[in-house]
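Reader: Can you walk me through this model? I'd like to start with the ligand and then look at one residue.

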Amino acid sequence: MNQRDETSRPASLAGSLLGPVDVRALADQLGIRPTKTLGQNFVIDPNTIRRIVNSARIGPGETVLEVGPGLGSLTLGLLDAAERVIAVEIDPVLAAKLPETAAAWRGDGASRLDVIQADALKLTTLPAPPTAVVANLPYNVAVPVVLNLLAAFDSLQHGLVMVQEEVADRLAAKPGSKIYGVPSVKAAWYADVRKAGVVGRNVFWPAPTIASGLVSLSRREPPETTAGRQEVFAVIDAAFAQRRKTLRAALAAWAGSGAAAEEALVNAGIDPKSRGEVIDVAGFARIAEHRPRSVSGRNPAGSHE
Ligand code: SAM
């Protein structure tokens, strides 16, 4: 870990990363205490930052979106690898300090950083189209943030995010696994998702109660379907709302009746007695296409969002 003392600044700062002393000093300067509500666990270990940045495989010319830069631990690592970094932070005190930290640690490199104070759950526009998302996500909103970003920014081609290990497992789960569920299928609509490693608790301040996991995302085309994304996501939500039930039972309300659900499933080539946990995203898309017209109001001729 980086235990550099304050007296080495600024000459030795180029390329160096925040260590535990730096993170504490920045927090003290700002008079902040990390809050659980905002999932504020700051990385204090430069090796973890290097590992995240290397695993993210950022190519030349990339614009990286970082959600929740906090005190800047990961932001500094990203500035060394990316052409441009757009950092979105909800906490106004942290957002206001970040450009200053970047300038102190990266000098002119800080001109390649945009800091936006905003809620990542509500983001719809950014100053430039991001090609990658790399983030140590606030744990309580990690899944909706990932799904919102993939939906809102088509330009995102890949990503590497740190989340709670259990959430990493869920996001990367494949059909047939006990933990395969709504996050797994919805993420698979947008991307190939894979767990890229485990991160221990002690690289954070304050240390969280459980381990973290790295998740790698690689954008892919959604399954070919005449159903819109919202229609497919509605089937997924219905199927997993009662995950122990057969799809025939779980989708009865969605289809209008058990018999109608059975018909839609048979028409989609899916056994009505199967459960949602064995169906891949393409299967859910086929089911959505066969929702009875009386409840879906779908135009049989074409697709719509
Ligand atoms: N990236 C920093 C690091 O690795 O040390 C901090 C990561 S910390 C786990 C999560 C950060 O996300 C905090 O700075 C928190 O204030 C911020 N945050 C929480 N909710 C957010 C939201 N909805 N939108 C944007 N930032 C958020």
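Author: What follows covers the ligand site and then Ala250. This is a predicted model, where local features need pLDDT of at least 70, side-chain atom pairs count only at pLDDT 80 or more, and totals for chains, interfaces and linings use all residues. Residues are numbered from 1 along each chain as its sequence is written, and side-chain values use heavy atoms, with hydrogens and water left out.

Reader: How many residues surround the ligand?

Author: There are 22, and the closest are Val43, Gly68, Glu89, Asp119 and Asn136. A residue counts if one of its heavy atoms lies within 4 Å of the ligand.

Reader: Which strands supply at least two residues of that shell?

Author: Strand E1 (42-43) and strand E3 (84-89) each do. Strands are DSSP runs of E, at least two residues, and helices are runs of H or I, at least four, numbered from the N terminus.

Reader: What lies 2.8 Å from a ligand nitrogen atom?

Author: A side-chain N or O atom of Asp119. Val43 uses a backbone N or O atom, 2.8 Å from a ligand oxygen atom. Polar contacts here are pairs of N or O atoms within 3.5 Å.

Reader: How much of the ligand does the protein bury?

Author: The protein buries 98% of the 600 Å² that the ligand exposes when taken alone. Areas come from the Shrake-Rupley method with a 1.4 Å probe.

Reader: Switching to Ala250: buried or exposed?

Author: Ala250 is buried, because its relative accessible area is 5%, and buried means under 20%.

Reader: Where is Ala250, and which residues does it touch?

Author: Ala250 is in helix H9 (residues 247-250). Leaving out residues up to four places away in sequence, Ala250 touches Ala238, Ala239, Gln242 and Lys245, where contact means heavy atoms within 4.5 Å.

Methods:
Buried < 20%, exposed > 50% of the residue type's maximum accessible area, 1.4 Å probe, protein only. Polar contact = N/O pair within 3.5 Å; in protein donor to acceptor, adjacent residues only side chain to side chain.
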